[in-house]
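Biologist: I'd like to learn how to read a model like this one. Could you walk me through it, feature by feature?

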Amino acid sequence: MKEYSIIGKDVPRTDAEAKARGSALYTDDIRLPGMLHGRILRSPIAHGIIRSIDTSKASRLPGVKCVITSDDTPKIKYGNWRLFPETQDEYPLAVDKVRFIGDEVAAVAAIDRDTAEEALELIEVEYEELPGTFDVESSRAEGAPVIHDYCPSNVSVNRKIKYGDIEKGFSESDYIREDTFSFQAISHAYLEPCASLAQVDLDGRITLWTSTQTPYIVQCLLASTLGMRENDIRIIKPYVGGGFGGKMELRPWEFCAALMAKKTGRPVKFTLGREEEFLAGRRRHPMKIHSRVGFKKDGTLVAKDLRIQLDGGAYNAMGPTATFLCGNFGAMLYRYPNYRFLGEHVYTNKPPASAMRGFGAPQSLYASEVQMNIAAEELGIDPVDIRLKNAQVSGDQIPDVATISSCGFSESIRAVAEMSGWYEKRKSLKPGQGIGIGCYSFISGGVFNWFNTQYPFSAAEVRVFSDGTAHLLTMASDIGQGSDTVLKQILAEELGLRMEDIRMTSADTAMTPQGDLGTWGSRVTLMAGNAVIDAARKIKEQLFGAISARFNLNVIHHVECKNGRVQATARPDYGMSFGEAVAMVQKANRGEPLFARGSYTPRGKGLVTPAFGFGAQIAEVEVDRETGLVKVKNMWTAHDCGTVINPRSVEGQLAGSIQMGLGYALSEQMVMDGGRTVNVDFADYKMPTAMDMPPSEVVHVDTYEPEGPMGAKETGEGLASPTAPAISEAVYHATGFRCKDLPITPEKILKAI
Amino acid sequence: MRLPRFEYYAPETLEAALSLLEDRGEGAFVMAGGTDMMVKMSHGRLKPKTIISLKSIPGMDMISFDPANGMMIGATTRLADILTDLRIETHYPALIQAVQTMANVEVRNMATLAGNICNAAPSADSAPPLMVMNAEVSLASVRGERRLPLSDFFRGPGLTLMQAGEIMTSIHLPAPQVGRGASYMRISARCGVDIAAVGVGVEVRVQSGVFSEARIVLGAVAPVPLRASGSEASLIGKPLNDETLELVSDMAAHESKPISDVRASADYRKRMVAVLTRRAITQAYERSTARHS
Ligand SMILES: Cc1cc2nc3c(=O)[nH]c(=O)nc-3n(C[C@H](O)[C@H](O)[C@H](O)COP(=O)(O)OP(=O)(O)OC[C@H]3O[C@@H](n4cnc5c(N)ncnc54)[C@H](O)[C@@H]3O)c2cc1C
């Protein structure tokens, strides 16, 4: 591995101190003079026609400054899939019809939150209730209630993938396995509830501070739904307390804050409550997965036929992407010479599901991994060995998708087996104890341009100064994952500067370079990182020119930025400080400042992603056979994220993934009663706490991704997948209970054993 | 949700608190740690007109112990203080078992035992161990004081024998006795911070190798912490063995009246009553014999 000075080091996060001290400002912390507080009236019924809305009483309540319904809006639909306008199915406030309990119907802005809340109770809405549908079977049944008129089948998206010869594959298989899996909805449960604050200036332009993963997407969609020009909207992302996919769309409160700020001339802020988040918030897709796989006797995979139905809830949200990705993930990890996928995104009268950490992979890979374990057992092969036999390797081609440029999957499997003492423990654990493995692969950002951006996928601007400092501007959004730190590290490494030499401005659409599609799909390190390097190299070209001229260097000399200097590599005395070099370039350009733009857009990288991360995880559990309670005793992870830019950040991602995976596997679910989410607080939404975290060990497999910045790729989402299948296999090993419908609750275990 | 408008007092004597409570009448509530009250108020489920904090009354947070008379825990003693009291740990380990599973560090630094009892949630963790250990509570009002056994105290979810104008001043546990042992076991879906799906408290007295006295109280499986008197009776005169445990734990499951909710199904709760009863009896037995030596 190349020697770096800042890359690969445990550089403290740039936001750590502010967050630890409580001085970091989140959207809800921002207060502007004259600011109003907004609240949203939500539908109490799952499906119905709005007959009338009377807001007169609410408007008359002292302290209420503005009440709006869809009649006060331009009634323009939006959705993230701009490339396919027919998928854009949502209005900021319901027009004529409500489609889930929690659907946004009206909004109030008042002098304080309590007054706004009281005003909501004074809005009179007359509904004509319609029959609803609450699962994919009934939505697809003959005569089912139609949720959107444009889509009489309730199936809003379908995706087919096919390669090889599936029939032939199965006919040549010695062993065929067929299983159905089902998955619950879970909540992102980010600690910062959604919040937005809008202010209008004298020219009618809007500034919106909002808790978002995707400032640019919000800018574009807010403009289009308000009938305004993009550049008349400025989105600023303050500190964000987590997103996990739940904050990557335009949301009704962003729209309402902006519109009401325009109407009243006063700043308007919305902050959602936790109950609201649970009741109406986005969630991970419930799914039905039907999977048929064929193997040779020796464990070689031959064919896979995968059918997935996503319970999308009332709107598409990011469901179309999840539908596509499920199909891609279904063919990842192992070599499937013959593969067929049919994915359907189905409307139901429930709160919309959307992107959530893993984006289809946790479900799709749970099915793959559990089936792999079943097959291993039935074919008499160790689960680790059957994986090694079929594992994808560097250079493998996935038809129509991509060539895997770097892959440390087999190394990960071997490493995790070794560090956990797998072979020994598989044989020697006591009854009630078990050990299991789960693996993952994930994308490092998407290639498919569903948002139809006309800008590069990521961009960066670097300004350098004669005092030896630099200013990095990027629209990449740090939502707690640490991208500000990592991008600074990349720039510091490239320019030979220290972290403290770099000022950073990020995620402000009026200041930072267009564009960036935001934080999702584990894209930021690779894409924004490449944009930063691109800009830095343009700066370096100029600095190197200056050094070359000043010292009359032979053109074959290599010049470098290192330790705050710009110098000939072979003759460090032919060099000067970074600031002096900048000054020289500026002098040569008659005072022009030195700055450069860089960008990254994946090209010629297939349809899915420029690079794949891989990894394997092993869980050891103890199951109380009387109570059914599962205690995870230990987790071991070995993974390939390419070059590790910041080890502590990567370990943070791992710890967070294990926490989420633990909940997904064992305790978290949005309990539904028809269309109503029943458990709307943390007392009854069983998210694991710090006390539930198992000890964990990790090995970073050493690989280099040619397409990644300094060889790096993803680590944010892939790790969200292996925990549930690993725990599931460990529970099976301990009890003989194989769970095909998450979560693995004590009640299910007891019923089975 | 808008917090209701209320008056707030922090009187410095019990007498002042009592007369305020009497004077303000309906709509006046005393507050200890506020960890139940504030949650209810911010959800609009409790709308007090007057709040009288007990925390400024000196001495009300005392814990005192003497081997002859037992333990007295003041009404504003924090759960955190109970956890660090070695005398409680030595003589009343079942209470420690309950308190250490309650909430988290932050909440235990505010919450009180008296608050947990007065709040009268069917799932209150401290109720089963206190009841099986024959705890009593002291209540005061402007009309005087009285002392009640805790086993008579609960009347329904949020309902107790406490009357308007009364304040709980302390909780009493009888002196520890040779040959007795108690235990509390609870189960919930998450091991960190969670509300009990089922809790079981047991105290036994063992003489000549057989159970001579038993109290079993089941939490979170009925509108009040439930005395399982049939199970208690069936334990008497029996030695500790699998047969006894099976008989008594099945009986306890039978006596419980759980509901199904998001935390657990009624079926699962019944099964867990049996499991926890078995485990708690076993542990209580061990503790009773440990005291002999
Ligand atoms: C995050 C969280 C987790 C929790 N986990 C648990 C748990 O695991 N197990 C559990 O059992 N509980 C739990 N609780 C509930 C709560 O913390 C306990 O019931 C606590 O013991 C209440 O004590 P307090 O002093 O805060 O009561 P307060 O909220 O002050 O009072 C509760 C009620 O009792 C009345 N009251 C209080 N003191 C007196 C008195 N001296 N005389 C007369 N009336 C009085 C009040 O008027 C009020 O009605 C949890 C709460 C939270 C917020």
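Modeller: We'll go through the ligand site, then helices, then some buried residues and backbone oddities. One caution: this is a predicted model, where local features need pLDDT of at least 70 and side-chain atom pairs count only at pLDDT 80 or more, while totals for chains, interfaces and linings use all residues. Residues are numbered from 1 along each chain as its sequence is written, chains are lettered from A and ligands numbered from 1 in the order in which they are written, and side-chain values use heavy atoms, with hydrogens and water left out.

Biologist: Ligand first, then. Which residues are closest to the ligand, and how many surround it?

Modeller: A residue counts as near if one of its heavy atoms lies within 4 Å of the molecule. Here 27 residues surround the ligand, and V30(B), G33(B), T35(B), D36(B) and T112(B) are the closest. By class, that shell has 15 nonpolar, eight polar and four charged residues. For those classes, Ala, Val, Leu, Ile, Met, Phe, Trp, Tyr, Cys and Pro are nonpolar, Asp, Glu, Lys and Arg are charged, and the others, Gly among them, are polar.

Biologist: What polar contacts should I look at?

Modeller: A polar contact is a pair of N or O atoms within 3.5 Å; within protein, one must be able to donate a hydrogen and the other to accept it, and residues adjacent in sequence count only if both atoms are side-chain atoms. Start with D36(B), where a side-chain N or O atom is 2.5 Å from a ligand oxygen. The backbone joins in too: a polar backbone atom of G34(B) is 2.7 Å from an oxygen atom of the ligand, and a backbone N or O atom of A32(B) lies 2.8 Å from a ligand oxygen. Taken alone, the ligand exposes 990 Å², and the protein buries 87% of that; such areas come from the Shrake-Rupley method with a 1.4 Å probe, and for residues only the protein chains shown count as cover.

Biologist: Which elements give two or more residues to the shell?

Modeller: Helices (H or I, at least four residues) and strands (E, at least two) are DSSP runs, numbered from the N terminus. In chain B, β2 (28–31), α7 (113–119) and β10 (167–173) each give two or more residues, with α7(B) providing the largest share, four residues. In domain terms, domain 1 (7–53) and domain 2 (63–173) of chain B each supply at least three residues. Those bounds come from an automatic or database domain assignment, which also gives domain 3 (180–290). The centres of domain 1 and domain 3 of chain B, taken over C-alpha atoms, are 35 Å apart.

Biologist: And T35(B): buried or exposed, or in between?

Modeller: Buried means under 20% relative accessible area, exposed over 50%, and partly exposed in between (1.4 Å probe, protein chains only). T35(B) is partly exposed at 27%, and sits in the loop between β2 and α2 (37–42) of chain B. Compare V137(B), in strand β6 (residues 136–141) of chain B: its relative accessibility is 0%, so it counts as buried.

Biologist: How do I check a helix?

Modeller: Its expected span is 1.5 Å times one less than its number of residues. Helix α14 (residues 483–495) of chain A has 13 residues and should span 18 Å; its end C-alpha atoms are 18 Å apart, which agrees. Since 13 of its 13 residues are buried, α14(A) is largely enclosed by the rest of the structure. Just after α14(A), G496(A) takes a positive phi of about 65°. Helix α17 (residues 647–667) of chain A, with 21 residues, should span 30 Å, and its end C-alpha atoms are 29 Å apart, again in agreement. α17(A) is mostly covered, with 16 of its 21 residues buried.

Biologist: Which backbone oddities are left?

Modeller: Look at omega and phi. Q514(A) and G515(A) are joined by a cis peptide bond, omega about -10°, and G515(A) is in the loop between β21 and α15 of chain A. That loop also holds T519(A), between β21 (502–506) and α15 (524–550); a polar side-chain atom of T519(A) lies 2.5 Å from the backbone oxygen of S477(A). Another cis peptide bond runs from L742(A) to P743(A), with omega near -5°. For phi, N154(A) has a positive value near 65° in a residue other than glycine, and at 0% relative accessibility it counts as buried. A220(B), not a glycine either, has a positive phi of about 70°.
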